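Have your viewer ready and your selection tool at hand. We will go from stop to stop, and at each one you will hear what to pick and what to look for.

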Amino acid sequence: MTPTTLRAFKSVDPTATKTSASSETHPIHHVDFNPVSPATVLVISALPQAKLLSRDGEPVAESVKGDMYLRDMHNTKGHISEITTGTWHPINRDLCVTAGTDSTLRIWDCSTRMVQKEVIVHKSRAAGSAGRTRMTAVSWGASPEGNSSNLIAAALDGSLVMWSGNGPYTRPSAEIRDAHGRDTWTGGLDISFDGRTVVTRGGDDTIKLWDTRKFKTPISTVTHPSSTSQYPTSNIRFSPTSTAIITGSPTGDLHILNPATLKPDLITPVTPSSPLISLLWHPKLNQIITGSANAEIHVLYNPSLSSRGAATVMSRAPKRRHIDDDPNLTTDLSQGLSADAIIAPNGNLSTSRQTHNKPLTGLTASGRSRDPRRPHVPIITPFAKSQPDAKHVRDNIPLSSMRDEDPREALLKYAEKAEKDPIFTGAWRKTQPKTIYAELSDNEEDDSREKKKARQG
C-alpha cells in the first residue's frame with residue numbers, strides 16, 4: 001500500500017481447475033474473513049460449491065455438490081445450483097452458512113473440512129413459484145452477551161425470514177412476506193451490533209429498518225436508488241458500533257445514514273459516474289473500504305479516529321522517487337525478451353515494441369498464442385512471402401549447386417586424381433606392395449558355384 005496505490009501481493013482464481021488461459025472461470029459473489037479466526041476466508045463464486053482458503057490464498061476445503069435429481073432438498077448433501085452469498089457465525093469459528101438459488105440455506109461445519117450440518121429449506125408462498133425461490137442475502141448476528149443469535153435471510157419473492165441461530169430450523173421464528181417488492185433482488189442485509197435491528201436494501205429502491213423483537217412492520221423506510229438489477233452484490237452495512245449505516249449509490253457516492261431515521265448525515269463522492277457496489281467498515285482500523293463498478297478500490301479514513309492501515313501509510317514521508325520508477329523511461333523485462341526482439345540502446349523507446357505494457361490479445365510478449373492447443377504460427381517476413389527462383393538461389397547461396405548433384409558421381413570424379421596424387425597415403429606410395437589375388441582352378445570354380453546354389457535353394 002502506498003499513498004496513491006493499492007497492490008495485491010497475490011492473485012488467486014478459486015474456480016480455475018488448471019493454469020491455462022482456456023480454463024473456465026466464474027465470477028466471485030462474496031469473500032468473507034472469519035471474524036473469530038481471520039486465518040480462514042470463505043469464498044462464494046457462481047458455482048454450487050463454496051471454498052475455504054487460507055489467508056495466503058491456498059485452498060483448505062470445498063463443499064460438496066448436491067444431487068440435482070432429488071426433489072426433496074432435505075436429502076441433498078449440498079447446493080444443487082449457484083450459491084449467491086454466505087457468512088460466518090459471529091461467535092463459533094467452525095460454522096458458516098451459505099445461501100443458494102435452490103431455495104435453501106446450508107450450515108457447514110468447518111472444523112476439519114466442510115461438512116453439511118443443517119439444511120434450511122425456504123418454502124415460497126408466491127403464486128407460480130412451486131414453493132421455491134432464490135435466496136439473495138443472508139446475515140448471522142448475535143447479542144453482545146453471546147447467549148443468543150439470529151439467522152436472517154432475504155429471498156427473490158420479496159420475503160424476509162428469521163430463524164433462531166441455535167435452532168431448530170424446521171420452521172422460521174418470524175417471516176415477512178412482502179418486505180420488499182417481488183422479483184426484486186435484495187442484495188443488502190445486515191444486523192446491528194446488539195442483534196436487535198436489521199437493515200435491508202431492496203431492488204425496489206427502498207431501504208428499510210426492522211426490529212427483531214417486532215418483526216412485522218419496518219421501523220423506518222426511505223427511498224434510495226438501487227443498483228442490484230445490474231450489480232446484485234450491492235450491499236449495506238452497519239458501523240462496528242451500530243451508530244451509523246453506510247451504503248453506496250449508482251452515482252458513486254458514499255452515504256452515511258442515521259440508524260434512527262435513515263437520513264444521510266454525510267454524502268462523500270468516491271467514484272463519480274461509476275456505481276459504488278460493496279462496502280466494509282473495519283472494526284479495528286476504523287476505516288471504510290469501498291469497491292466500485294470501474295474496478296477501483298478506495299480506503300477512507302479519519303486522521304484522528306482511524307488507527308494503522310491507511311493512516312500509517314499517509315503519515316509517512318513521501319518516498320523519494322528514482323528514475324527507474326518511471327515506467328515511461330524503463331522497459332519491463334519481467335516477461336523476458338523474445339528471440340526476434342531488436343534492442344536499440346540509443347534508439348527511441350517510445351516506438352519500440354517493448355514499451356507496450358500489455359501484449360496483444362491472445363498472444364504472449366514473444367508473439368506465441370496463449371492457448372496451448374493452438375499451434376505456433378511463424379511470423380511472416382518479406383522473404384517468406386514468395387518462393388525465390390532457382391537463379392537467385394544459385395547466384396546468392398554458396399554451394400547451392402550441390403543440391404542437384406549425385407553424391408556418388410561427385411566422389412567418383414576424384415577417383416583418378418586420388419590414385420595418381422594421393423594426399424593421405426602419399427608417404428608410403430612407393431613402398432606399397434602390389435596386391436596379389438589367388439587364382440582358382442576350374443574344379444574350384446564349379447564347387448563354389450554349387451555351394452552358392454545350395455545356399456540360395
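The tour below starts at the N-terminal strands and ends at some backbone details. Keep in mind that this is a predicted model.

**Stop 1: a hairpin**

Select strand E1, residues 28-33, together with strand E2, residues 40-45; the two run antiparallel and are joined by 5 bridges. They form a hairpin, with 6 residues between E1 and E2. For one rung of this ladder, pick Asp32: its bridge partner in E2 is Leu42.

**Stop 2: the largest nonpolar core**

Now show side chains for Val97, Leu105, Ile107, Ile120, Val138, Leu151 and Trp163. Within the largest nonpolar core, which has 15 residues, these touch the most other members. Colour the strands next: E6 (95-100), E7 (104-109), E9 (135-142), E10 (149-155) and E11 (160-164) each supply at least two residues of this core.

Centre the view on Ile120. Which residues does Ile120 touch, beyond those up to four places away in sequence? The list is Ser103, Thr104, Leu105, Ile107, Leu151, Trp163 and Tyr169.

**Stop 3: a second core and an aromatic pair**

A separate core of 13 residues comes next; select Ile152, Leu160, Leu189 and Trp210, which are among its members. Stay on Trp210 and add Phe215, since the structure holds 1 aromatic pair and these two residues make it. How are the two rings set against each other: stacked, edge-to-face or tilted? Their centres are 6.2 Å apart and their planes meet at 55 degrees, so the pair counts as tilted. Trp210 and Phe215 are both buried.

**Stop 4: Asp102**

Move to the loop between E6 and E7, where you will find Asp102. Is Asp102 buried or exposed? Its relative accessible area is 3%, so Asp102 is buried.

Switch on distances around this side chain:

- A polar contact of 2.7 Å links the side chain of Asp102 to that of Thr104.
- A polar atom of the Asp102 side chain lies 3.2 Å from the backbone nitrogen of Ile80.
- Arg106 and Asp102 form a salt bridge through their side chains, at 3.4 Å from N to O.

Arg106 has a relative accessibility of 0% and therefore counts as buried. Widen the selection and, leaving aside neighbours within four places in sequence, Asp102 is in contact with Met73, His79, Ile80, Ser81 and Thr133.

**Stop 5: Ser63**

Another polar residue to select is Ser63, in the loop between strand E4 (59-62) and strand E5 (83-88). With 2% relative accessibility, Ser63 counts as buried. A polar atom of its side chain sits 2.7 Å from the backbone nitrogen of Ala50. Setting aside residues up to four places away in sequence, Ser63 touches Pro48, Gln49, Ala50, Trp108 and Met114.

**Stop 6: more salt bridges**

The structure holds 4 salt bridges, including the Arg106 and Asp102 pair from Stop 4. For another, select Glu58 and Lys10, whose closest N and O atoms are 2.8 Å apart. Glu58 is in the loop between strand E3 (51-54) and E4, while Lys10 is in the segment before E1, so this pair ties together parts that are 48 residues apart in sequence. Glu58 counts as partly exposed at 43% relative accessibility, and Lys10 counts as partly exposed at 38%.

Then pick Arg213 and Asp211, a salt bridge with its closest N and O atoms 3.3 Å apart. Arg213 is exposed, with a relative accessible area of 58%, whereas Asp211 counts as buried at 14%.

**Stop 7: backbone details**

Most residues other than glycine have a negative phi, and most peptide bonds are trans. With that in mind, show the backbone at three places.

- Gly167 and Pro168 are joined by a cis peptide bond, with omega about -5 degrees. Pro168 is in the loop between E11 and strand E12 (174-176).
- Ser242 has a positive phi, near 65 degrees, and lies in the loop between strand E17 (236-238) and strand E18 (245-248). Ser242 counts as buried at 16% relative accessibility.
- Asn286 has a positive phi of about 60 degrees. Look for Asn286 in the loop between strand E21 (276-281) and strand E22 (288-292); its relative accessible area is 27%, so Asn286 is partly exposed.

Definitions and conventions
Residues are numbered from 1 along each chain as its sequence is written. This is a predicted model: local features need pLDDT of at least 70, side-chain atom pairs count only at pLDDT 80 or more; totals for chains, interfaces and linings use all residues. Side-chain values use heavy atoms; hydrogens and water are left out. A nonpolar core is a set of buried Ala, Val, Leu, Ile, Met, Phe, Trp, Tyr and Cys residues joined through side-chain atoms within 4.5 Å. Buried means under 20% relative accessible area, exposed over 50%, partly exposed in between (1.4 Å probe, protein chains only). Helices (H or I, at least four residues) and strands (E, at least two) are DSSP runs, numbered from the N terminus. Contact means heavy atoms within 4.5 Å. Two strands pair if DSSP finds at least two bridges between them. Rings of Phe, Tyr and Trp (its six-membered ring) pair if their centres lie within 6.5 Å; planes under 30 degrees apart count as stacked, over 60 as edge-to-face and the rest as tilted. A polar contact is a pair of N or O atoms within 3.5 Å; within protein, one must be able to donate a hydrogen and the other to accept it, and residues adjacent in sequence count only if both atoms are side-chain atoms.
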